[in-house]
Amino acid sequence: MNKKFIVISTIIAGVCLFLVGCHPKTITWSPDGQWAAFCNDYGLYFTDGQGEISSRMAEKAYRAEWFSDGKRLAIEQFVTLTSWQQVQNTVSEDYRDKFIQCAEGLLAVKNKRDWDEKTNMLEHMNFLDEDELDAVQLYIRDMASGGFPKDVIASWGDSIEFDYHFLRIGTWDGATFTMGEPLWGSPERIWDMRISAKGHVVAFTSAFPGDFDEGTSSSLWAADVETKEVVLLDKNSSLYPDWDAAGTRLFYVRSIGKESSDNPLGTLLSRQICGQDGNLLSDLPEPQSLAGLVAGEFTKVRCLPDGRIVFSSMEVTLPVIGKDIPEQKQLFVLDLQRQSTITRLIPRSEQSKTEGYSLDHFEISPDQKQISIPDDEGRVMVLTIATGEFVVLQAQKVGDIRTVPVWRYPDELCYIDELKGGLLGDKTRKEIMLRKVTPDGEWSDPRAISKDWSKEVRQVVLD
Amino acid sequence: MNRDLLEQLLMDQALNELSPESTALLDAYLGDHPEMHSLADSIRETVAIGERAVHAELPTRLPPLPKEKLFSHKRTARWSMTARWGSVAASLIIGFGLGISATLLQNKPSQTDSDTIAYHVQSQPVSGGLETARAFWSSQTYMDRYQKNRKDRTQRNENTELQKQIQQFKKRGLL
């Protein structure tokens, strides 16, 4: 590989990573806009459009996504395990064997004196991430402490906690919530979940613990809700895939690199996952390539009902020198039904307005006419697809973003703002806002729906 | 017909990529222009030599990059060094082997100074899109597209030339 190519690749990969951050989606509205599910480490709550909030319906639910029936939700929920007995009873056999084997390996290393620091232990196991090491430490503490220096184990303390994450399907009937059995479990969190149109299959992304040859990478899975079968579809895929309108094909970007972040080139792929009946195919065909692009883990793909595919990427003409690499990403649309061409969604004249905004975390309105885009500090703007014009809905920065803006209706956006309060008006408080487009096309004043929420509930998404 | 187009048609004819109609017209043209016979013979001969040399059935191997040569050189040097200590290492390995076997029999982990603990994740096989994703960017795909575009262009030119020839034949009353 040419040295210049490596340098340019590294710069592009670096810019790609610099231009994104981890933006959670902690609010999600049901397809009919009647209910919103709020979730975070603390739990899962539901509210209506007026801000009437439910009690906590589930503990430690981290992510939620509605099915099209407006009743079922795919939920990522995790449990915190504090003993090896709990770990053994909870995790899959693969992970249990892995943790035991790692622990036995650590026990066999002579010099353990500096192992009060996790990083020193991890240096011996580059295939294990920091969270997984908690489980290994639990095994050593509870099952094999005799083979380990007592002072090192004492330095770990009694508070070793290992989180294990599940994909579960829950049902909300407007008053009660019922959680189903786990479909999948992993020490890694789920990043994004997409439900197929007929509601039979949940496609989701997570990290994947690798080995020496491949390293840790992102992974793309499909879980059949009926048969409980879960299939690993691909690795090194970007974290935001999407179904086509029929719910049979999955569109996602796959890096051509060994690991997700070591190569800035990717390919937009289309792969049939379900049959016409909406069920997971037993024999999955090979994916088809649609477009080559500059890609990263956060490259987002969203399908429109008319067959067009919107994705985020960077507009680069090769060959390129470092100074010519653009500072902003761009949104593109690929139209498969006509001449297969890619067009930019943001006109060049408007692109300077996207400075600081995170184009990988766009959300398309249900009528596919507008796209909301957040930035790292809570600002929000909306792009009108037909005209390419931007409207800034929230110009002020509100600190670290707690959720990406989400659409309730085609003409109503939900996001977090910071309002002034207190007797002297010198205090600020974050609120969940709803803002609607009026019949004459203007955006109305925002409306806060979280003003009366308790401190416990506010912790979920606001504080 | 200009020389470039004639060369392209002769090249395609030599590669058996010319339609029978175009071949007939090309032969008619050559019949009218004996001064082009030497050019036609030269192109046919070049293509034949190329086919013999390449053996189109077999995959073509590129010569190794200098970087690879450098690495293989280093490996050779290291191996000769290693070979020198081979007998010593062999006896050590036998010793370690006996020690490890004894340890395994006792079902206890051996004490080691190893820097990295070997572990390979037991995961289900993935028939993912790596090959498809890489194929999009591969030089083979580029060459395929290039050749397809070239063929399309040749076909277009050929059709235009065919129309001209047909008109010429009509004018002469041959059609």
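Buried means under 20% relative accessible area, exposed means over 50%, and partly exposed lies in between, with a 1.4 Å probe and protein chains only as cover. This is a predicted model, in which local features need pLDDT of at least 70, side-chain atom pairs count only at pLDDT 80 or more, and totals for chains, interfaces and linings use all residues. Residues are numbered from 1 along each chain as its sequence is written, chains are lettered from A and ligands numbered from 1 in the order in which they are written, and side-chain values use heavy atoms, leaving out hydrogens and water.

**View 1. A salt bridge joins A:Asp242 and A:Arg194.**
A salt bridge here is a side-chain nitrogen of Lys or Arg within 4 Å of a carboxyl oxygen of Asp or Glu. In this pair the N to O distance is 2.9 Å. The pair links distant parts of the chain: A:Asp242 sits in strand 13 (residues 242-243) of chain A and A:Arg194 in strand 9 (residues 190-195), 48 residues apart. Helices (H or I, at least four residues) and strands (E, at least two) are DSSP runs, numbered from the N terminus. A:Arg194 is buried, because its relative accessible area is 17%. A:Asp242 is buried too, at 5%.

**View 2. A:Asp360 pairs with A:Lys329.**
This salt bridge spans 2.7 Å, N to O. A:Asp360 lies in the loop between helix 7 (348-351) and strand 21 (363-364) of chain A, and A:Lys329 in the loop between strand 18 (308-313) and strand 19 (330-335) of chain A, so the pair ties together parts 31 residues apart in sequence. Are the partners buried or exposed? A:Asp360 counts as buried, at 0% relative accessibility. A:Lys329 counts as buried at 5%.

**View 3. A:Glu350 meets A:Lys353 in a salt bridge.**
The N to O distance is 3.1 Å. A:Glu350 is buried, with a relative accessible area of 13%. A:Lys353 has 45% relative accessibility, so A:Lys353 counts as partly exposed. Elsewhere, salt bridges that share partners join A:Lys25, A:Glu65, A:Lys300 and A:Glu363 into one network. Over all chains the count comes to 28 salt bridges.

**View 4. The largest nonpolar core has 31 residues.**
A nonpolar core is a set of buried Ala, Val, Leu, Ile, Met, Phe, Trp, Tyr and Cys residues joined through side-chain atoms within 4.5 Å. A:Val87, A:Phe99, A:Val136, A:Phe148 and A:Phe162 touch the most other members. Helix 2 (84-90), helix 3 (93-108), helix 4 (118-122), helix 5 (130-143), helix 6 (150-156) and strand 7 (162-172) of chain A each supply at least two residues of this core. In soluble globular proteins, nonpolar side chains tend to be buried together. Contact means heavy atoms within 4.5 Å. Leaving out residues up to four places away in sequence, A:Phe162 touches residues including A:Val79, A:Leu81, A:Val87, A:Phe99 and A:Leu138.

**View 5. Helix 3 of chain A has the span expected for its 16 residues.**
The expected span is 1.5 Å times one less than the number of residues. For helix 3 of chain A that gives 22 Å, and the end C-alpha atoms are 23 Å apart, which agrees. Its buried residues include A:Tyr95, A:Phe99, A:Cys102 and A:Leu106. Among the elements covering the buried residues of this helix are helix 5, strand 7 and strand 8 (177-186) of chain A.

**View 6. A:Val437 sits in a loop of chain A.**
The loop runs between strand 27 (427-436) and strand 28 (447-448). A:Val437 is buried, because its relative accessible area is 18%. A:Val437 touches A:Gln370, A:Asp411, A:Glu442 and A:Trp443, not counting residues up to four places away in sequence. The C-alpha atoms of A:Val437 and A:Glu412 are separated by 6.4 Å, with their positions 25 residues apart along the chain.

**View 7. Chain B has seven helices and zero strands.**
Of its 175 residues, 19% count as buried. Helix 1 (residues 3-14) of chain B should span 16 Å, and its end C-alpha atoms are 16 Å apart, which agrees. Buried residues of this helix include B:Leu5, B:Leu6, B:Leu9 and B:Leu10. Just after helix 1, B:Asn16 takes a positive phi of about 60 degrees.
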